[in-house]
Amino acid sequence: MRVIFYDEGSCDALRVDELAEEVQRVSGLVVEVRGEFVSEKRGTPYQFRTDEIGMVSLFFAKARVVDPLSRVQPEREPTPVEVAAERRALETPGRTSVGILYDGGAVQCLLGSMLPESALDDCHIAITGRLLGTYMADDRRWHAHTVLLGEPNIISTAGLVQAPARPREYYQGQAMATTRLVPREVVEAELQRRLANRMLLPDDPRLTQAAIGCALQAIAFHLTGEAFCEVPTCRLYNARRQEELIRSQCSPEAALCPKHEAFFRQLREAANE
Ligand SMILES: [Zn+2]
């Protein structure tokens, strides 16, 4: 089994070589880094058949969540502008869509359909700047995720920043801003500066550490069907809040718990045999 990363290259702060090296060191597995997933699987964008890239662009446009409160999205035909934006993102290395939530299940299904049966022994991890969500029945709304587990696993750099809940002061500050005559960007910048040690920011160098944790979760899931750990300082902890994410991935106490340390040690020993 190999671990294969597919890097869209849309997040400058994510150091993919360091991510690959650390995953190799911890797991002992052979790790490869390839280009953006769709291009890798379908040939470079310029080698797409015209109808094929059109279909994939249309698919992404259709996978946009337009009503975050409704499980079933309204039946609609995406606009030509939306389809063209998706096409540009696919054809331009390093580009991604910003500020749009996609149906993560649909996107994972599309990418999964491009993986041949023979490739499924390997652990495939696509890295994207797209924000991916699933509908949660408990509070009846769509939620963004840091990582979607499955074939392929998908780590979302936008999700690492936006999915886990930010500190309460962040939301209080935002709410207060609406009552003050201060531009939203100014308040946002001030809050980000003030709370930087308690939440990940866009282009945050700590994104690499956080992505390493997601990749280890993906490997554990691939091999055992169990990705997450209950120990709040373990790299496999499923953080719901930014402060939990930073504690489990980027703080001095972040480390594999004894159980998962043993799990990865066994993997390394098996790989060395
Ligand atoms: Zn653990």
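In this predicted model, the side chain of Gln242 reaches the backbone oxygen of Leu160 at 3.0 Å. Gln242 is found in helix α10. With a relative accessible area of 0%, Gln242 is buried, the cut-off for burial being under 20%. When neighbours within four places in sequence are left aside, the residues in contact with Gln242 are Leu160, Val161, Gln162, Pro164, Ala165, Arg166, Arg198, Met199 and Leu200.

Leu160 also belongs to the largest nonpolar core, which has 42 residues. Val3, Phe5, Leu160, Ile219 and Phe264 are the residues with the most contacts inside this core. At least two residues each are supplied by β1 (2–7), α1 (16–27), β4 (123–128), α6 (157–162), α9, α10 and α11. Helix α9 gives the most, with 10 residues. For Val3, the contacts outside its neighbours within four places in sequence are Val23, Leu29, Val30, Val31, Glu32, Cys123, Ile125 and Ile219. Another core, of 21 residues, lies apart from the largest one and includes Val38, Ala63, Met114 and Ala126. In soluble globular proteins, nonpolar side chains tend to be buried together.

Strands β1 and β4 are also part of an open sheet of five strands, with the order β2-β1-β4-β8-β7 and mixed pairing. The edges are occupied by β2 (30–34) and β7, each with a single partner strand, so one side of each is left without a neighbour in the sheet. Strands β4 and β8 run parallel and are joined by four bridges. Within this pair, Ala126 has Ile154 as its bridge partner in β8, and Ile127 has Ile155. Strand β7 (residues 147–148) runs antiparallel to β8, with two bridges between them. Leu148 stands opposite Ile154 in β8, and Ile154 is thus named in bridges to Ala126 and to Leu148. The two strands β7 and β8 form a hairpin with four residues between them. Gly150, in the turn of this hairpin, has a positive phi of about 145°. Along β8 (residues 153–156), Asn153 and Ile155 point one way and Ile154 and Ser156 the other way. These four residues of β8 are all buried.

A zinc ion is coordinated by Cys229 (SG), Cys234 (SG), Cys257 (SG) and His260 (ND1), at 2.1 to 2.3 Å. The arrangement is tetrahedral because the four donor atoms subtend angles of 97 to 115° around the ion. Along the chain, the donors follow the spacing C-x4-C-x22-C-x2-H. Cys229 lies in the loop between α9 (207–224) and α10 (242–249), whereas His260 lies in helix α11 (residues 258–272), so the pair ties together parts that are 31 residues apart in sequence. Cys229 and His260 are both buried. The helices named around this site, α9, α10 and α11, each supply at least two residues of the largest core as well.

Helix α5 (residues 104–112) has Gly104, Ala106, Val107, Gln108, Leu110 and Leu111 buried. The N-terminal end of α5 is capped by Asp103. In this cap, a side-chain oxygen of Asp103 lies 3.0 Å from the backbone nitrogen of Gly105.

Key. Residues are numbered from 1 along each chain as its sequence is written. This is a predicted model: local features need pLDDT of at least 70, side-chain atom pairs count only at pLDDT 80 or more; totals for chains, interfaces and linings use all residues. Side-chain values use heavy atoms; hydrogens and water are left out. Buried means under 20% relative accessible area, exposed over 50%, partly exposed in between (1.4 Å probe, protein chains only). A polar contact is a pair of N or O atoms within 3.5 Å; within protein, one must be able to donate a hydrogen and the other to accept it, and residues adjacent in sequence count only if both atoms are side-chain atoms. Donors are N, O and S atoms within 2.8 Å of the metal (3.2 Å for Na, K and Ca); water is not among the atoms, so sites may look incomplete. Four donors count as tetrahedral if all angles lie between 85 and 135 degrees; four count as square planar and six as octahedral if opposite donors are over 155 degrees apart and all others between 65 and 115; anything else is irregular. Contact means heavy atoms within 4.5 Å. A nonpolar core is a set of buried Ala, Val, Leu, Ile, Met, Phe, Trp, Tyr and Cys residues joined through side-chain atoms within 4.5 Å. Two strands pair if DSSP finds at least two bridges between them.
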